[in-house]
Amino acid sequence: MTTRSARREVPRRGRDRRAESLPAGPGRPWFGADAPRVAVIGGGIAGLAAATGLAERGVRVTLLERREQLGGRLAGWADTLSDGSPVTMSRGFHAFFRQYYNLRGLLRRADPSLAMLRGLPDYPLLGRDGTRDSFRHVPRTPPLSALGFAALSPSFGLRELAGLDAAAALPLLDVRVPEVYARLDGVSAADFLDRVRFPERARHLAFEVFSRSFFVDPAELSAAELALMFHIYFLGSSEGLLFDVPDEPYPQALWNPLAAYLTRLGVELRTGTEVERVQPAGGGRHRVSAGRETVPVDAVVLALDTGGLRHLAAASPDLADARWRHRVAGLRTAPPFLVSRLWLDRPVDAGRPGFLGTSGYGPLDNVSVLERWEGEAARRSARTGGSVVELHAYATTPGCDRKAEQLRLTQELAKVYPETRDALVVDRRDLWFEDCPHFPVGGYADRPTVSTPDPSVVVAGDLVRTGLPVALMERAATSGFLASNALLQRWGVRGQHLWTVPDRGRSALLRGLARLGDR
Ligand SMILES: Cc1cc2nc3c(=O)[nH]c(=O)nc-3n(C[C@H](O)[C@H](O)[C@H](O)COP(=O)(O)OP(=O)(O)OC[C@H]3O[C@@H](n4cnc5c(N)ncnc54)[C@H](O)[C@@H]3O)c2cc1C
């Protein structure tokens with residue numbers, strides 16, 4: 001997969017010398033007057049990456065997005081608070097890790113130095129018993145990252161470490177992608193951690209950092225996804241565990257500049273346009289129907305979220321083939337999650353971090369203090385003296401009493417940050433969504449891949465099986481570029497050069513240790 005010559009040609013995207021380079025396939029650099037027309041359906045990260053990859057090679061791209069805004073799950077929209085002030089609302093906090101090479105590559109198109117991202121100095125994790133873990137002093141290079149984390153963590157005492165079943169944990173030392181799925185996809189994350197005898201007190205760490213990000217109970221998550229996350233952040237990459245966040249709301253920082261870049265490349269951006277059907281039109285072409293309009297295209301990128309893809313496949317009886325549509329029909333979303341944003345009349349204590357992971361506080365998974373990193377919130381805070389606080393609850397119980405859950409989040413906040421107990425909530429927004437993919441135990445084989453049985457239909461998104469060590473936003477970006485590469489390759493045009501963290505354990509020592517487990 002890695003070629004030395006390609007490494008010389010294309011500058012590395014991060015600090016990790018062992019990052020894998022995925023050279024673009026060969027071909028002419030650019031379409032001429034013969035440029036095909038492609039519909040990209042979905043304007044989240046995956047659709048934006050696919051549109052970028054294609055438009056940069058001269059493809060005529062129409063991007064169709066159901067919502068009024070680009071960005072998908074990171075979209076932002078204008079809102080007005082009860083005190084009359086305009087704000088940008090979104091689902092809020094997302095961690096832009098430094099190993100997200102292809103996502104960063106996408107954002108660099110509009111902001112070459114990534115000036116809109118700023119690093120958070122730390123993100124402590126607070127347990128109900130008062131334990132507080134931190135990532136600030138954890139070394140970046142494996143295996144020191146994992147060892148340093150364990151040594152610095154109050155959740156990993158000597159007793160806990162001695163209690164680990166080292167043999168059961170060996171697969172974590174050499175996570176190979178995609179082989180890890182053959183090995184661990186049939187086991188749940190919870191059972192795997194039981195097997196490893198992962199210390200009870202430290203579990204929240206694994207869950208806060210990894211599996212909770214999948215919006216699902218660990219008993220229902222494939223252990224392969226957990227191992228993959230462990231690899232990406234701890235043992236597989238030397239980019240470290242800290243991350244960046246945009247310094248303004250998503251539209252201003254990310255999507256408006258990227259939309260301007262795409263428009264300059266000739267991409268037609270149609271927001272507020274829900275695609276209802278995709279039909280083959282003979283000769284490998286397709287008709288994409290949205291409302292009364294039908295767009296004829298040479299190829300289609302399906303960059304929808306799980307529910308959107310399921311819906312579109314069900315409404316498009318000739319799309320790909322019956323087996324593919326049947327597998328798409330079986331895809332599931334993770335349970336609903338809640339994002340509550342509170343505008344308070346007073347500040348939280350000065351020492352509160354920008355982001356805090358929590359464990360043991362009922363449904364509350366994390367607390368962000370937005371004015372610590374987002375310009376719009378900081379300006380409001382300077383003007384009013386109040387804080388803008390955001391609370392996330394992932395993996396709530398389907399059918400739960402939503403009002404009660406919202407109230408509960410605020411009550412838990414008062415336990416975590418007692419100074420908020422007497423604060424007046426000037427206004428609040430509570431957002432419920434259910435559109436993150438669920439990666440169930442044993443479900444890997446049924447996930448869509450980038451290619452489909454129809455070579456002119458490709459799929460992108462964080463639900464897609466890429467065979468690469470990527471997840472979440474980086475999976476969305478990488479799959480978007482892979483989808484554009486697949487089409488470009490078919491047309492004999494050069495694709496985009498991509499990067500990932502190494503696709504196997506990075507040191508001979510760790511690989512050797514992992515092999516002990518195979519005996
Ligand atoms: C609260 C929250 C916190 C998160 N935190 C992190 C984090 O810290 N780090 C991280 O890496 N990831 C995080 N994620 C995950 C991340 O948001 C996703 O992995 C990523 O945004 C997925 O991008 P996507 O393009 O695959 O899908 P989406 O963003 O869902 O885009 C799909 C798009 O398709 C559109 N669509 C659907 N149907 C149609 C149709 N018929 N016609 C036209 N358009 C359609 C949708 O409107 C949507 O805009 C978080 C997610 C949430 C919700």
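# A guided look at the ligand and the domains

Visitor: Which of the 36 residues around the ligand come nearest?
Guide: This is a predicted model, and we can start at the ligand. The shell around the ligand holds 36 residues. The nearest of them are Glu65, His94, Ala95, Tyr100 and Asp462.

Visitor: How far is the side chain of Asp462 from an oxygen atom of the ligand?
Guide: Asp462 is already familiar as one of the nearest residues. Its side chain offers an N or O atom to an oxygen atom of the ligand. The distance between the two atoms is 2.7 Å.

Visitor: Which residue has a polar backbone atom 2.9 Å from a nitrogen atom of the ligand?
Guide: Backbone atoms take part here too. A backbone N or O atom of Arg73 lies 2.8 Å from an oxygen atom of the ligand. For the nitrogen atom of the ligand, at 2.9 Å, the partner is Val275.

Visitor: What share of the ligand's exposed area does the protein bury?
Guide: Picture the ligand taken alone, where it exposes 1,000 Å². Once the protein is counted, the part of that area that is buried comes to 97%.

Visitor: Which element gives the most to the shell around the ligand?
Guide: Helix 2 (45–55), strand 16 (337–344) and helix 16 (472–490) are the elements that give two or more residues. One of these gives three residues, and that is the most. The element is helix 16.

Visitor: How many residues of the shell are nonpolar?
Guide: The shell around the ligand can be sorted into three kinds of residue. Eight are charged and nine are polar. The nonpolar residues number 19.

Visitor: Which domains each give at least three residues to the shell around the ligand?
Guide: The domain assignment gives domain 1 (19–70 + 248–330 + 438–498), domain 2 (134–239) and domain 3 (334–432). The shell draws at least three residues from each of two of these, namely domain 1 and domain 3.

Visitor: What is the area buried between domain 1 and domain 3?
Guide: The centres of these domains, taken over C-alpha atoms, are separated by 34 Å. Four residues of domain 1 are in contact with five of domain 3. Carbon and sulfur atoms give 43% of the buried area, which is about 360 Å².

Visitor: Which three residues supply 90% of the area that domain 1 buries against domain 3?
Guide: No other three residues of domain 1 supply as much of that area. The three are Glu248, Pro249 and His438.

Visitor: Where is Ala320 found, and what is its phi?
Guide: Ala320 sits in the loop between helix 12 (306–315) and helix 13 (322–329). Leaving out residues up to four places away in sequence, Ala320 touches Arg325, Thr452, Pro453 and Asp454. Although Ala320 is not a glycine, its phi is positive, at about 50°.

Visitor: Which residue of helix 16 has a positive phi of about 55°?
Guide: We met helix 16 as the element that gives the most to the shell around the ligand. The residue in question lies in this helix and is not a glycine. It is Leu472.

Visitor: What is the omega of the peptide bond that joins Val177 and Pro178?
Guide: Pro178 lies in the loop between helix 6 (166–169) and helix 7 (179–184). The bond joining Val177 to Pro178 is cis, with an omega of about 10°.

Terms used. Residues are numbered from 1 along each chain as its sequence is written. This is a predicted model: local features need pLDDT of at least 70, side-chain atom pairs count only at pLDDT 80 or more; totals for chains, interfaces and linings use all residues. Side-chain values use heavy atoms; hydrogens and water are left out. A residue is near a molecule or strand if one of its heavy atoms lies within 4 Å of it. A polar contact is a pair of N or O atoms within 3.5 Å; within protein, one must be able to donate a hydrogen and the other to accept it, and residues adjacent in sequence count only if both atoms are side-chain atoms. Accessible areas come from the Shrake-Rupley method with a 1.4 Å probe; for residues, only the protein chains shown count as cover. Helices (H or I, at least four residues) and strands (E, at least two) are DSSP runs, numbered from the N terminus. Ala, Val, Leu, Ile, Met, Phe, Trp, Tyr, Cys and Pro count as nonpolar, Asp, Glu, Lys and Arg as charged, and the others, Gly among them, as polar. Domain bounds come from an automatic or database domain assignment. Contact means heavy atoms within 4.5 Å. Buried area is the accessible area (1.4 Å probe) that two parts lose on being put together, summed over both.
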